[in-house]
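Me: I'd like to learn how to read a few features off a model. Can we start with contacts between side chains?

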Amino acid sequence: MRSFRQYRKVAHLNVTHRRRQNFYALPSVEWQLLSNPPFNFLSTLDRIDDAIDANAKIAREILKTGLEAFDLESESHKKPPDWHGTAKASDLDKARCTIRQFYRDWSTEGEAERRASYEPVLRDLAVAFAAVADKGGVRILVPGAGLGRLLLEICSENYSVEGNEISYHQLLASNWVLNNSERAKQFDLFPFVSDFSNVVSRADQLKMVKVPDVHPATAFADCNVGTSGSMTMTAGEFTEVYSADTKKDLFDAVATVYFIDTASNLIRYIQTVYSCLKPG
């Protein structure tokens, strides 16, 4: 949670503050040239700062939800709680990447990528369980659940789905968007704001999308999920959690996207999948 709390400060420092320092270290005639049209570099940095502030609102919502979930002290206390402090660089990077991932999983603009990734899974499930009248009795496991969009899509088809995720960053963010977001298109997201390389134009870098594209609670109500399917999430390392005897022969299907490539031992993943699937 420290990394989400420090997102705004660290992003301003790394993305714009240091660039301004280097910019003003140039000879005055050069930085004056670059600050005026057609370059407008200082104006660009101002716009990037505004975009970082917009992303920071999402980080604050994730942090707020996490504080409530873990029953930690709020930030209104005068004395900083014990969990305050400096987050590790790796955790700060994970927070940045998690916020950026909302573009793929929870924006209208990410629909094409989701369609290519998720629709084959949904089609295969529909074929496999076409003869099952009560889809709520079909238990599906989604390891590497990430921000929870595949969970929502499967649950919307009235299956009973269980997600598994090891990353606290992903767990905190998915908890916010699935259980605590207030409406569709609630926040502005600038997913590429920290990217100064591999962009065609500043317009690409400052591209804004609205997240989430749908309100999960409304989506559940619209498809009457409560009468049939269900959705839960577990935290922990996949092979440790689902190799346990309590998880043996428990699921009708295992559906996953963006997960298999995370395996340090692929055979162990396959063995775990086999163990938690029902015979046949």
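Reply: Sure. A polar contact is a pair of N or O atoms within 3.5 Å; within protein, one must be able to donate a hydrogen and the other to accept it, and residues adjacent in sequence count only if both atoms are side-chain atoms. Here the side chains of Thr16 and Asp49 make one, at 2.7 Å. A word on the source: this is a predicted model, where local features need pLDDT of at least 70 and side-chain atom pairs count only at pLDDT 80 or more, while totals for chains, interfaces and linings use all residues. Residues are numbered from 1 along each chain as its sequence is written, and side-chain values use heavy atoms, with hydrogens and water left out.

Me: Where is Thr16 placed?

Reply: Helices (H or I, at least four residues) and strands (E, at least two) are DSSP runs, numbered from the N terminus. Thr16 belongs to helix α2, residues 7-24. The protein has 12 helices and six strands.

Me: Is Thr16 buried or exposed?

Reply: Buried means under 20% relative accessible area, exposed over 50%, and partly exposed in between (1.4 Å probe, protein chains only). Thr16 has a relative accessible area of 1%, so it is buried. Of the protein's 280 residues, 44% count as buried.

Me: Which residues is Thr16 in contact with, leaving aside neighbours within four places in sequence?

Reply: Contact means heavy atoms within 4.5 Å. On that basis Thr16 touches Ala11, Leu45, Ile48, Asp49 and Ile52. Across the protein, 73% of the contacts with a separation of 6 or more are between residues 24 or more positions apart.

Me: How many disulfides does a search of the whole structure find?

Reply: A disulfide is a pair of cysteine sulfur atoms within 2.5 Å. The search turns up zero.

Me: Why does Cys276 have no bond to the closest cysteine sulfur?

Reply: That sulfur is in Cys155, 18 Å away from the one in Cys276, so it is too far for a bond. Cys276 is buried because its relative accessibility is 0%. Cys97, at 35%, counts as partly exposed.

Me: Which residues make a nonpolar surface patch?

Reply: Patches are made of residues with over 30% relative accessible area and no salt bridge (a side-chain nitrogen of Lys or Arg within 4 Å of a carboxyl oxygen of Asp or Glu). Like charges are joined within 9 Å, and nonpolar side chains (Val, Leu, Ile, Met, Phe, Trp, Tyr) within 5 Å. Ile260, Leu266, Ile267 and Ile270 make one of about 370 Å². Ile260 sits in the loop between β6 (253-254) and α12 (266-276), and at 45% relative accessibility Ile260 is partly exposed.

Technical notes
Accessible areas come from the Shrake-Rupley method with a 1.4 Å probe; for residues, only the protein chains shown count as cover.
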